[in-house]
Amino acid sequence: MKATRAPVWTAPDPQAARLVDAMRRRHGAQAGWPVFEARLQRHVATLRDELRPLHGERADFEDSVLRLLETAWVSWCERPADLKAMDAEREQDPAWFQSQRMLGGVGYVDRFAGDFRGVEAQIPYFQELGLSYLHLMPPYLCPEPHNDGGYAVSSYRETRPSLGTMAELRALAQRLREAGISLVLDFVFNHTSDEHVWAQAARAGDPVFSDYYWIFPDRTLPDQYERTVREIFPDEHPGAFSQIEDGRWVWTTFHSYQWDLNYSNPEVFRAMAGEMLFIANLGVEFLRMDAVAFVWKRLGTPCESLPEAHHLLRAYNALARIAAPALLFKSEAIVHPDEVVSYISPAECQVSYNPLQMALLWNTLATREVNLLQLALEERHHLPEGTAWVNYVRSHDDIGWTFADEDAARFGIDGFDHRQFLNRFYVDRFPGSFARGVPFQDNPATGDCRISGTCAALCGLEQGDPHAVARILLLHGVVLSSGGIPLIYLGDEIGQGNDAGYADDPARAGDSRWVHRPMRDAHRHAERLDPSTAAGRIHAGLRHLIALRRHLPAFAGGRLLPFWSRHPAVLGYRRPAPQGDEARGGVLVLANFSERPASVLPEVLSAQPATMVDLIGQTAFDLRAGLTLAPYQMVWLVAS
Ligand code: OTU
């Protein structure tokens with residue numbers, strides 16, 4: 001017998017009620033108040049509970065929460081009416097982003113289209129491709145020429161002048177929205193640039209703003225912290241700290257011009273919350289939460305993914321529910337797969353990059369063995385209700401081999417050695433490699449290294465490998481059919497190659513990731529309509545997959561059942577029909593990751609219908625005879 005339990009009764013939180021009362025006394029007569037109050041009632045206790053482990057010990061804790069609510073109220077009053085309407089709609093339909101029509105594109109404003117107006121002019125192109133989500137790399141004011149591609153923000157409320165004005169960015173967000181495309185921007189909240197006014201004040205010795213960052217008078221504490229923290233950009237500076245002119249040391253996880261914010265100071269959280277809500281009010285629908293793992297530090301720990309980092313994210317999330325509910329968060333944690341999922345929940349980040357699938361796609365191309373990827377689909381693909389993966393082939397960043405060593409060990413693979421192999425394979429230091437990548441942050445001390453390179457360069461297109469186009473389509477085919485939101489790096493859809501020229505530009509030379517961030521190639525773009533070119537074949541192949549996907553309800557959401565093909569090079573999974581709609585049938589996906597034909601035996605397929613049709617190739621198969629896939633062929637099989 002199933003035990004039934006009465007709903008848990010929770011006492012109203014008296015402190016939270018006091019906060020609402022205080023806000024009502026101040027603003028209760030104002031026009032926007034009733035809607036704000038309803039959301040405040042729902043989320044203020046969560047907000048306070050999440051902040052308590054961070055700042056609860058301070059005597060002025062309740063005041064600091066009240067100041068935060070003031071900030072939220074001010075930005076709610078500034079929120080445009082059309083975004084408030086979207087807030088209400090999205091609250092009614094929280095699963096909206098699970099649709100199989102969702103498709104993302106990502107790129108740099110300047111490198112893809114010059115400026116905001118240039119991006120606006122590309123809306124018809126985005127629509128042709130089927131995009132419903134556009135991530136533009138950080139367009140905020142930043143130092144010149146070194147700014148980590150915009151990830152060093154000098155002001156969250158100003159744009160980089162060469163890209164256009166804030167008014168143009170706002171207009172772009174609106175045009176995109178009208179075209180059914182959600183704008184995605186970063187919230188670079190782990191650090192600001194050293195030119196931010198807060199950093200400038202700190203540098204000048206202002207004690208209030210020095211407390212916005214992790215600044216130490218000498219090396220005593222930095223030395224202690226460095227015993228347990230990783231080096232992230234060792235090419236630029238060793239360790240996690242940089243020295244400023246007056247001799248003090250500041251925490252800089254990334255470049256020395258990116259100063260880590262001190263979230264143990266409640267004023268930092270309040271100020272950054274204001275910046276976040278300002279960005280939301282531009283019409284941004286997803287915020288990419290940059291470098292989430294690093295936002296909280298504690299001596300004697302790795303200072304990554306500490307419990308407080310999660311409290312911080314959930315506090316930001318509660319604030320968004322109160323003052324900009326249409327806004328969703330995307331987690332960027334390129335870490336061990338157990339840690340990646342720890343950031344994903346409706347109360348924290350609703351969507352997340354899937355760095356494991358990304359890395360294992362490349363792993364599988366190199367080894368021609370689907371073992372690790374198949375295991376990841378079986379054991380690490382499932383996500384909580386109300387959340388989704390963002391699946392991608394590559395991003396603006398490097399490829400890091402973030403698979404779990406314990407998973408690899410199950411196949412007798414040594415994680416460290418295997419990463420050495422993958423690095424050699426992708427930088428073309430392995431006999432027979434088709435890839436032309438470049439090392440990123442090669443660290444001889446630890447043996448750590450990551451890979452830069454465009455999708456086309458890593459798949460062999462540059463040196464005319466005959467299978468390159470098929471590989472590019474295969475990788476994107478998995479991303480398009482395995483669930484969640486697929487994300488295409490703009491330029492990959494036409495097979496753009498590496499940009500070796502970065503090495504001649506002093507502003508970019510020290511960072512090999514620029515090799516895979518080429519300027520949009522107008523000539524190649526024109527070629528996309530010519531089927532005799534590689535660009536044309538890639539583009540047509542992708543558009544075919546995208547068009548098919550749009551009409552397959554089984555591709556909505558993230559439900560996936562692994563299908564072990566019993567062939568070492570053939571990946572398999574089933575996407576079941578949506579619940580309550582079983583009559584429509586699911587899709588069986590099979591994909592050959594080798595340059596040789598691969599046969600799946602009849603007995604492996606015996607539980608499937610006798611005849612199935614591959615939607616991609618429009619061919620019927622008699623499965624009782626087994627199924628042979630051509631090199632790098634992928635099939636999306638449905639019952640005929
Ligand atoms: C992120 O990446 C951004 O995506 C990068 O473009 C930035 O340079 C960086 O933050 C600083 O803002 O190390 O190589 O575990 O790996 O946050 C990329 C996550 C990075 C980190 C990731 C970081």
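**Entry 1. Arg368 and the loop after H15**

I looked up Arg368 in this predicted model and found it in the loop between H15 and helix H16 (371-379). Its phi is near 60°, a positive value in a residue other than glycine. I noted for context that most residues other than glycine have a negative phi.

**Entry 2. Helix H16**

I then turned to H16 and asked how many of its residues are buried. The count is 7 of the 9 residues, so H16 is largely enclosed by the rest of the structure. I listed the buried residues as Asn371, Leu372, Leu373, Gln374, Leu375, Ala376 and Leu377. Against which elements do the buried residues of H16 pack? I found H15, helix H17 (405-409), strand S18 (561-562) and strand S19 (570-575).

**Entry 3. H15 against H20**

I examined the packing of helix H15 (residues 355-367) with helix H20 (residues 468-481). The angle between them is about 145°, and the axes are 11 Å apart. I recorded the crossing of H15 and H20 as right-handed. On the H15 side I found Gln357, Leu361, Trp362 and Leu365, which meet Arg471, Leu475, Val478 and Val479 in H20. By class, this contact has 6 nonpolar, 1 polar and 1 charged residues.

**Entry 4. Nonpolar cores**

I looked up the largest nonpolar core, which has 192 residues. Which residues have the most contacts inside this core? They are Phe126, Tyr263, Tyr316, Trp362, Tyr426, Phe593 and Trp636. Trp362 is thus listed here as well as in the contact of H15 with H20. There is also a second, separate core of 15 residues, and I noted Leu590, Val600, Phe621 and Val635 among its members. As background, nonpolar side chains tend to be buried together in soluble globular proteins.

I followed Tyr263 further, setting aside its neighbours within four places in sequence. Its contacts are His55, Phe189, Val268, Phe269, Met272, Val295, Trp296, Leu312 and Tyr316.

**Entry 5. Aromatic pairs**

I searched the whole structure for aromatic pairs and obtained 39. I inspected the rings of Phe97 and Phe286, whose centres are 6.3 Å apart. Why is this pair classed as edge-to-face? The ring planes lie at 80°, and an angle over 60 degrees counts as edge-to-face. The pair links distant parts of the chain, 189 residues apart. I placed Phe97 in the loop between helix H4 (81-92) and strand S1 (104-107), and Phe286 in strand S11 (residues 284-289). Phe97 has a relative accessible area of 1% and is buried. Phe286, at 0% relative accessibility, also counts as buried.

I next took the pair of Tyr140 and Tyr156, whose ring centres are 6.1 Å apart. Their planes are at 55°, so I recorded the pair as tilted. Tyr140 is in strand S3 (residues 140-141) and Tyr156 in strand S4 (residues 155-159), 16 residues apart. Both Tyr140 and Tyr156 are buried.

I traced the ring pairs outward and found a cluster that links Tyr140, Tyr156, Phe187, Phe189, Tyr263, Phe269 and Tyr316. Of these, Phe189, Phe269 and Tyr316 are also among the contacts of Tyr263.

**Entry 6. Backbone features**

I asked which residues a cis peptide bond joins. The bond is between Glu144 and Pro145, with omega about -5°. I located Pro145 in the loop between S3 and S4. I noted for context that most peptide bonds are trans.

I also checked Ala291, where phi is near 55°, a positive value in a residue other than glycine. Ala291 lies in the loop between S11 and helix H13 (307-323). Is Ala291 buried or exposed? I found Ala291 buried, with a relative accessible area of 4%.

**Entry 7. Two further loop residues**

I looked up Asp211, in the loop between helix H10 (207-210) and strand S7 (215-216). Asp211 is partly exposed, at a relative accessible area of 36%. I found that Asp211 touches Asn262, Asn265 and Val268, not counting residues up to four places away in sequence. Val268 is also a contact of Tyr263. The C-alpha atoms of Asp211 and Glu267 are separated by 9.3 Å, with their positions 56 residues apart along the chain.

I finished with Gly247, in the loop between strand S8 (241-243) and strand S9 (249-251). Gly247 is partly exposed, with a relative accessible area of 22%. I recorded 49 Å from Gly247 to His382, C-alpha to C-alpha, for residues 135 apart in sequence.

Terms used:
Residues are numbered from 1 along each chain as its sequence is written. This is a predicted model: local features need pLDDT of at least 70, side-chain atom pairs count only at pLDDT 80 or more; totals for chains, interfaces and linings use all residues. Side-chain values use heavy atoms; hydrogens and water are left out. Axes are lines fitted to C-alpha atoms, for helices over the stretch in contact, and angles run from 0 to 180 degrees between N-to-C directions. Helices (H or I, at least four residues) and strands (E, at least two) are DSSP runs, numbered from the N terminus. A crossing is left-handed if the near helix is turned anticlockwise from the far one by less than a right angle, and right-handed if clockwise. Contact means heavy atoms within 4.5 Å. Ala, Val, Leu, Ile, Met, Phe, Trp, Tyr, Cys and Pro count as nonpolar, Asp, Glu, Lys and Arg as charged, and the others, Gly among them, as polar. A nonpolar core is a set of buried Ala, Val, Leu, Ile, Met, Phe, Trp, Tyr and Cys residues joined through side-chain atoms within 4.5 Å. Buried means under 20% relative accessible area, exposed over 50%, partly exposed in between (1.4 Å probe, protein chains only). Rings of Phe, Tyr and Trp (its six-membered ring) pair if their centres lie within 6.5 Å; planes under 30 degrees apart count as stacked, over 60 as edge-to-face and the rest as tilted.
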